Amino acid sequence: MRIRIVDAFTDRPFAGNPAGVVLLDSYPDDAWLQNVALEVNHAETAFAHRLPEGGEADWALRWFTPATEVAMCGHATLATAHVLHSTGTHRGPVRFATLSGVLVATPREDGSITLDFPTAPLTPVDVPDGVAEALGAEPLAACDTGPQVGDVVVELADEKTVLGLTPDHKGLSRHSRRGIIATARAEDASRGYDFVSRCFFPNVGIDEDPVTGSAHTALAPYWSERLGRTDLTGLQASRRSGLVRTGLRGDRTLLTGRAVTVIEGELLA
């Protein structure tokens with residue numbers, strides 16, 4: 001079977017967030033899926049297989065980190081949709097059956113793909129004890145993102161503070177189900193983005209995720225309320241970096257980005 005490595009939320013190789021993508025006839029046992037994800041050793045590897053026609057979804061889709069299966073992953077969904085469209089395996093919008101319900105990926109004329117994801121329900125919370133020390137910066141505010149995303153969003157003073165973080169990942173692992181999203185308003189919106197973020201997920205084996213689609217289902221409502229606009233662009237400022245265009249539509253959030261296939265090979269095991 002073919003296996004591909006796709007860089008998501010970028011229009012150039014070796015940027016954005018890499019994901020493994022494997023198209024199957026059906027799902028083998030979970031241990032095999034987990035072993036492949038560990039071998040690929042990227043933040044997520046996506047496994048998809050075609051479903052019978054006439055149902056509510058076209059493809060089944062699951063996501064695994066090197067350590068565990070996750071309930072939602074934006075960049076690996078974008079990567080899978082990119083593979084389906086770029087290879088001619090599927091044309092037009094594709095409906096994925098996932099642990100987070102049916103997620104739709106729609107190709108655009110400009111080559112980008114828009115994902116339709118559930119908006120994360122935000123609940124203001126006190127900044128958890130120890131988070132400031134583990135981050136090395138004092139948060140201004142914090143929000144829980146609900147069970148599907150499983151993160152705590154913390155707003156920091158400015159973009160420079162977010163970019164300069166050198167967190168204690170072990171310390172951060174004590175304060176959320178998945179991880180911590182650190183964010184701030186963009187210093188200069190003329191640079192093409194409205195807010196900046198970094199995402200630390202030590203609880204699922206990812207100290208820092210390069211570009212996280214699921215996190216933007218929380219960042220979109222967070223910054224839309226503060227900036228007074230429903231359509232925004234976020235920069236996730238990891239070493240690889242990437243842009244996510246967000247559109248808040250009530251209980252749904254649209255995530256738009258591009259993807260590039262960088263490796264294609266044969267999986268022999």
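Here is a quick tour of one cavity, one helix and a handful of aromatic rings. Keep in mind that the model is predicted. A search of the whole structure turns up one cavity of 30 Å³ or more, helix α6 is mostly covered, and there are four aromatic pairs to look at.

**The cavity**

- The largest cavity holds about 60 Å³ of space.
- Its lining is made up of E44, M72, C73, G74, H75, R178, F201, I206, D209, T212, G213 and S214.
- Sorted by type, the lining residues come out as four nonpolar, five polar and three charged.
- Two elements, α2 (74–86) and β14 (206–209), each bring at least two residues to that lining.
- Two of the lining residues, R178 and F201, also meet in another way: the charged end of R178 sits over the ring of F201, 4.0 Å from its centre.

**Helix α6**

- Helix α6 covers residues 216–227, and nine of its twelve residues are buried.
- If you want to find them, the buried ones are H216, T217, A218, L219, A220, P221, Y222, W223 and S224.
- Right after α6 comes G228, which has a positive phi, near 75°.

**Aromatic rings around F47**

- Of the four aromatic pairs in the structure, one brings together F47 and F64, edge-to-face, with 5.8 Å centre to centre and 80° between the planes.
- This pair ties together distant parts of the chain: F47 belongs to strand β3 (residues 44–50) and F64 to strand β4 (residues 59–64), with the two residues 17 apart.
- Are F47 and F64 buried or exposed? F47 is buried, with a relative accessible area of 0%, and F64 counts as buried because its relative accessibility is 3%, under the 20% cut-off.
- Ring pairs also bring in W32, which joins F47 and F64 in a cluster.

**Aromatic rings in α6**

- Back in the helix, Y222 and W223 are both buried.
- Why does the pair of Y222 and W223 count as edge-to-face? Their ring centres are 5.4 Å apart and their planes stand at 75°, and planes over 60 degrees apart count as edge-to-face.
- Y222 has a charged partner as well: the charged end of R226 sits over the Y222 ring, 3.5 Å from its centre.

Notes. Residues numbered from 1 in each chain as written. Predicted model: local features only at pLDDT ≥ 70, side-chain atom pairs only at ≥ 80, totals over all residues. Heavy atoms only, no water. 1 Å grid on protein atoms, 1.4 Å probe; cavity = no way out; pocket = protein on both sides within 12 Å on 5 of 7 lines; lining within 4 Å. Points joined across faces, edges and corners; volume = space filled by probe spheres on them. Helix = DSSP H or I, 4+ residues; strand = E, 2+ residues; numbered from the N terminus. Nonpolar A, V, L, I, M, F, W, Y, C, P; charged D, E, K, R; others polar. Buried < 20%, exposed > 50% of the residue type's maximum accessible area, 1.4 Å probe, protein only. Phe/Tyr/Trp six-rings, centres within 6.5 Å; stacked < 30°, edge-to-face > 60°. Lys NZ or Arg CZ within 6 Å of the ring centre and 35° of its normal.
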